Structures are given as C-alpha cells and as structure tokens.
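The exercises below pair a task with a worked solution, and each solution proceeds step by step. Please have the sequence and the coordinates open before starting.

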Amino acid sequence: MPSNREGAGQTTLVTGASMGIGVDLAECVAKDGYDVILAARSEDALKSVADRLAKAHGVKTTAIAIDLGVPGGGEKLAAAIAARGLTVDVLVNNAGYGIAGAFDGSDRAAQLGMIDLNDRALAELTHIYWPRMLANRRGGVLNVASTASFQPGPLMAIYYASKAFVLSFSEALWKEAEGTGVRVSCLCPGPTASKFRERAGTGKTRLSRTGTPMPSAVVAEMGYRAWKANQRVVITGTRNRVAARLVPFLPRRTVLGLVHNLQSPL
Ligand SMILES: NC(=O)c1ccc[n+]([C@@H]2O[C@H](COP(=O)([O-])OP(=O)(O)OC[C@H]3O[C@@H](n4cnc5c(N)ncnc54)[C@H](OP(=O)(O)O)[C@@H]3O)[C@@H](O)[C@H]2O)c1
C-alpha cells in the first residue's frame with residue numbers, strides 16, 4: 001500500500017461500524033490509509049469488518065464492542081481507546097436509530113434512547129476529541145444526520161428532532177473550526193439500504209413506497225468526499241436535496257401535513 005495516503009499515521013473512529021452506512025464509511029477512511037477504530041454493540045460483526053478492512057487496505061483496525069446509548073458511553077469508549085494506546089484524529093459519528101409511530105403510546109425508554117445515542121453520545125465524543133483536533137490543526141468530524149434534519153417529523157417526532165440537533169450542532173462547529181484546518185461535515189442521507197428501516201419500522205409507511213433506497217456505499221462515499229472538502233452539509237440524491245431546500249419556503253402547516261402523510265402507515 002502507498003505510504004503517502006492522506007490518512008497515513010492518523011486514526012479514525014467510526015461509530016455504528018458493525019453494519020450499514022458505518023461499514024462503508026469505515027471502508028472509505030481505510031482506503032485512504034487511516035487506521036480505524038470500529039465501535040458498535042455487535043462484537044462478532046465488528047471483528048469481521050475489522051479483519052476485512054485490515055487485509056484489504058493494509059491499515060490497523062481495532063474493534064470495540066460498546067453500547068453508546070447508555071449515559072457515559074462516549075467516555076467509556078474514549079477510555080477503552082486510550083487504554084489501547086490509541087488516539088483519534090477523525091471522528092465519524094454515525095451510530096443512530098429511529099422509531100416510526102405516534103409519540104402517544106410509544107415506549108419512553110426507546111424514545112429517550114434515540115436522544116442518548118443520536119445526540120448525547122455524538123456530542124460527548126466530539127467534546128472529548130475536539131480540543132486535540134484543534135491543537136493539531138488537522139482531522140475533524142463527520143456527523144451522520146438525515147434528510148429528517150430539515151423539518152419536524154410527526155409520527156417519528158423524536159427521531160426527526162434528534163437529527164435536527166445533529167445538523168444544527170455540526171454547522172455551528174463547522175463555523176467554529178473555520179481557518180483551523182479541522183474539517184466538519186454533516187451527511188444527510190435520504191432513504192438508504194441498510195437495517196435501519198427494519199429496525200425503525202419505517203418499511204410500513206407511505207414514505208417507504210416513494211422511491212428506491214440508495215446503496216449505503218454510495219451514501220458513505222458522498223459523505224466522506226464532502227468531509228475531505230470541508231463541505232458543511234451534504235444531502236444525498238437530487239430529489240432529497242431539492243425537497244430539503246424547498247422546506248424553508250413552504251408554510252409550516254403544509255410541511256407538517258406532508259410529513260405526517262408520508263410517515264402514515266400504508
Ligand atoms: N438508512 C437510512 O435510510 C438512513 C437515512 C438517514 C439517516 N440515517 C442515519 O445513518 C446512520 C447509520 O444508519 P444505518 O442506515 O447504517 O442503520 P443500521 O444498519 O441500523 O446501522 C446502525 C449502526 O448503529 C449501531 N448502533 C445502534 N445502536 C447502538 C448503540 N446503542 N451503541 C452503539 N452502536 C449502536 C449499530 O450497531 P449495533 O446494533 O451492533 O450496535 C449499527 O452499526 C444512523 O445515524 C441513521 O440515523 C439512515
């Protein structure tokens with residue numbers, strides 16, 4: 001492998017790297033020569049991704065099985081990383097989940113768990129590694145939000161709100177990092193082929209019938225390319241881009257009605 005690859009001598013932490021978009025994001029950074037730390041709960045899946053990437057791209061890979069949804073999960077992960085003598089130059093906050101359905105009657109722990117994972121752990125890990133990035137004047141953060149970030153989501157209210165947080169937080173950090181050499185991007189995928197839909201229950205909504213999900217490798221490649229260019233926000237797919245950019249110009253009631261309709265069961 002060429003030793004002059006962009007990531008040579010640096011390490012990227014990818015959360016949610018046991019399956020889906022996270023695996024493809026880990027592949028993107030490994031291909032560029034970054035050593036990779038892969039974190040998620042499924043140990044066997046993580047180890048097999050780690051082995052495959054190490055062989056394919058000649059980088060050091062480390063799998064750490066951890067539940068980031070519990071309070072303090074980010075600090076625990078950082079301690080496990082430090083205990084292995086590793087540091088993090090680039091942070092890819094990808095782990096996340098959604099739950100479709102009305103807020104009324106929903107499971108409270110599962111609803112709050114979305115905030116804990118999608119927002120709290122993401123902010124916690126960023127807070128831990130941000131000072132080192134700024135001090136080194138390199139590296140950065142790639143946060144995975146969603147097209148859900150651009151409007152409220154009746155019938156998936158907490159998930160949409162959790163992703164609005166990710167977009168807002170990422171854009172603010174992009175500005176704070178301006179001129180420092182630290183890159184920040186927010187990847188906003190539309191429907192993407194992964195386990196997400198099955199886990200979230202969105203396969204039974206009208207939205208699921210409106211198009212074909214994009215391959216996760218294409219989504220990851222777009223996100224990684226955007227991060228390399230320090231592009232603040234990247235929305236996958238022309239239709240998703242147009243829809244997200246239209247939202248601010250539509251009456252809020254219309255937007256709420258449209259999303260409510262799309263998130264309704266078939
Ligand atoms: N697929 C889509 O249509 C879509 C659209 C927009 C945005 N997104 C976002 O893209 C990101 C990746 O989703 P995906 O589509 O790749 O879904 P996925 O296939 O379900 O993967 C989610 C990843 O997050 C990990 N994860 C879940 N709970 C965790 C926890 N408590 N602690 C640590 N890791 C955890 C999962 O691993 P374990 O289960 O092994 O822990 C898995 O690696 C998410 O933030 C999602 O919100 C997805």
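L112 is partly exposed, with a relative accessible area of 44%, where buried means under 20%, exposed over 50% and partly exposed in between (1.4 Å probe, protein chains only). This is a predicted model, in which local features need pLDDT of at least 70 and side-chain atom pairs count only at pLDDT 80 or more, while totals for chains, interfaces and linings use all residues. Residues are numbered from 1 along each chain as its sequence is written, and side-chain values use heavy atoms, with hydrogens and water left out.

**Exercise 1.** Locate L112 and state how far it is from A135 in sequence and in space.

*Solution.* First, L112 is assigned to helix α4 (residues 108-136), helices being DSSP runs of H or I with at least four residues and strands runs of E with at least two, numbered from the N terminus. Next, the C-alpha atoms of L112 and A135 are 34 Å apart, for a sequence separation of 23 residues.

**Exercise 2.** Examine the salt bridge between E6 and R183, and say which parts of the chain it ties together.

*Solution.* Begin with the criterion, a side-chain nitrogen of Lys or Arg within 4 Å of a carboxyl oxygen of Asp or Glu; a search of the whole structure with it gives ten salt bridges. For E6 and R183 the N to O distance is 3.0 Å. Because E6 lies in the segment before β1 (11-15) and R183 in strand β6 (residues 183-188), the pair ties together parts that are 177 residues apart in sequence. As for accessibility, E6 is partly exposed at 34%, whereas R183 is buried at 19%. Finally, E6 and R183 belong to a network of salt bridges that also links D32 and K228.

**Exercise 3.** Describe how the side chains of R41 and D67 and the backbone of T192 approach the ligand.

*Solution.* Apply the polar-contact cut-off, a pair of N or O atoms within 3.5 Å (within protein, one must be able to donate a hydrogen and the other to accept it, and residues adjacent in sequence count only if both atoms are side-chain atoms). The side chain of R41 places an N or O atom 2.7 Å from a ligand oxygen, and a polar side-chain atom of D67 is 2.7 Å from a ligand nitrogen. From the backbone of T192, an N or O atom lies 2.9 Å from an oxygen of the ligand. As a last step, consider the cover: of the 880 Å² of accessible area that the ligand has on its own, the protein covers 96%, with areas from the Shrake-Rupley method and a 1.4 Å probe (for residues, only the protein chains shown count as cover).
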